[in-house]
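Trainee: Hey, got a minute to walk through this one with me? I'd like to go piece by piece.
Mentor: Sure, pull it up and ask away.

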Amino acid sequence: MAFAAETICVQGSNERKDPFGAISMPIYQNAAYAHPGLGKSTGYDYSRCSNPTRDEVQKTVALLEQGTEALAFSTGMAAITAMMEIFSPGDHLIATDDLYGGTLRLWNTISHKNGISVDCVDTSNVGTVKAALRPETKAIYLETPSNPMMKVADIQAIADLAHENGCLLIVDNTFLSPYFQKPLTLGADIVVHSGTKYLEGHNDTLSSSIISTRLQEPVCLRLTAGCYSAVSRHWQSAWNSTRRMLWPSHTGWNRDRKWKKSIISDWIPDRIRS
Ligand SMILES: Cc1ncc(COP(=O)(O)O)c(C=O)c1O
């Protein structure tokens, strides 16, 4: 059964798994979890790895983006930094020439030091993107609309180009939010957000997410999600903000997704050429 975006914002995943039947998702502001018995687990061991409140935020954001799985982080830069762990020394990326300065600084300093090179080109022109492809190109990264110049790229055409050339398409969807643009439905492989902007909507919380269409996340992202301060004391305010978002009626949201447990996966190596 499909639910409108407003319903997803208010209800979240609607799994109602709180053991005490809480209608609003409680804050699990807790580090470690007791095991019911030897060799038994509630599914939660340690909040850096997983936390019930964070899980709910992730499921809700994935539903809104029509992805299959999301990872929540404390800030957009934490998400983008974790995302870069997909790549290895020698890999090359093509990116929008006008994009958020923090992303550029990350690439010019940390990624460069790690042997990953990025060429920034005018991604509003598919021909320019095509001309920038190299044998070692592993991904095209679009910020569309871009920050600050609001340049727009054709996600569908660039997704085709990326896939024809064995590359991933990653889209920073911060500025349109999943209400106005759902890059995964246009062929993107990964969506990143600075949830600090329109997802959060109230200018009082830092947050972010990485959403994917794959049933399994690459292990490096899952691991870095745990390591890069994914557990934030802002979960509850992020959650409340998401619920408060009032969006116009919208149909077609797929509520029939099965939430698969993330496990070690090799889909990224499958998608990008070696
Ligand atoms: C398009 C875009 N992506 C990523 C970021 C980084 O997000 P954060 O400030 O939440 O770390 C920003 C921040 O302004 C942004 O505008």
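Trainee: Which residues in helix 3 are buried?
Mentor: Keep in mind that this is a predicted model. In helix 3 the buried ones are Gly 76, Ala 78, Ala 79, Ile 80, Ala 82 and Met 83.

Trainee: And what does that say about helix 3 as a whole?
Mentor: Helix 3 covers residues 76-83, and six of its eight residues are buried, so the helix is largely enclosed by the rest of the structure.

Trainee: What does helix 3 lie across?
Mentor: Strand 1, strand 5 (168-172), strand 6 and strand 7. Helix 3 runs at about 40 degrees to strand 7.

Trainee: OK, and helix 2, what does that one lie across?
Mentor: Helix 2, residues 52-65, lies across strand 1, strand 6 and strand 7. Its direction is at about 125 degrees to strand 1.

Trainee: Back to helix 3. How does it pack with helix 4?
Mentor: Usually you give two things for a pair of packed helices: the angle between their axes and the distance between the axes. For helix 3 and helix 4, the angle is about 35 degrees and the axes are 10 Å apart. Their crossing is right-handed.

Trainee: Which residues meet there?
Mentor: From helix 3 you have Met 77, Ile 80 and Thr 81, and they meet Gly 102, Thr 103 and Leu 106 of helix 4. Sorted by class, that contact has three nonpolar residues, three polar ones and no charged ones.

Trainee: Switching to the sheet: in what order do the strands come?
Mentor: The order is 1-7-6-5-4-2-3, seven strands in an open sheet with mixed pairing. Strand 1 (69-73) and strand 3 (117-121) are at the edges with a single partner strand each, so one side of each has no neighbour in the sheet. From one strand to the next, the twist averages 20 degrees.

Trainee: How do strand 6 and strand 7 pair?
Mentor: Strand 6 (residues 190-194) and strand 7 (residues 208-212) are antiparallel, with five bridges. In that pair, Val 191 sits opposite Ile 211 of strand 7.

Trainee: Last topic, the ligand. Which residues come nearest?
Mentor: There are 15 residues around the ligand, and the nearest are Thr 75, Gly 76, Met 77, Ser 194 and Thr 196. Helix 3 and helix 4 (101-113) each supply at least two residues of that shell.

Trainee: And what's the shell like by class?
Mentor: Nine polar, four nonpolar and two charged residues.

Technical notes
Residues numbered from 1 in each chain as written. Predicted model: local features only at pLDDT ≥ 70, side-chain atom pairs only at ≥ 80, totals over all residues. Buried ≥ 20, exposed ≤ 12 C-beta atoms within 10 Å, placed from the backbone. Helix = DSSP H or I, 4+ residues; strand = E, 2+ residues; numbered from the N terminus. Near = placed C-beta within 6 Å. Nonpolar A, V, L, I, M, F, W, Y, C, P; charged D, E, K, R; others polar. Pairing = 2+ DSSP bridges. Axes fitted to C-alpha atoms, helices over the stretch in contact; angles between N-to-C directions. Contact = placed C-beta atoms within 7 Å. Left-handed = near helix turned anticlockwise from the far one by under 90°.
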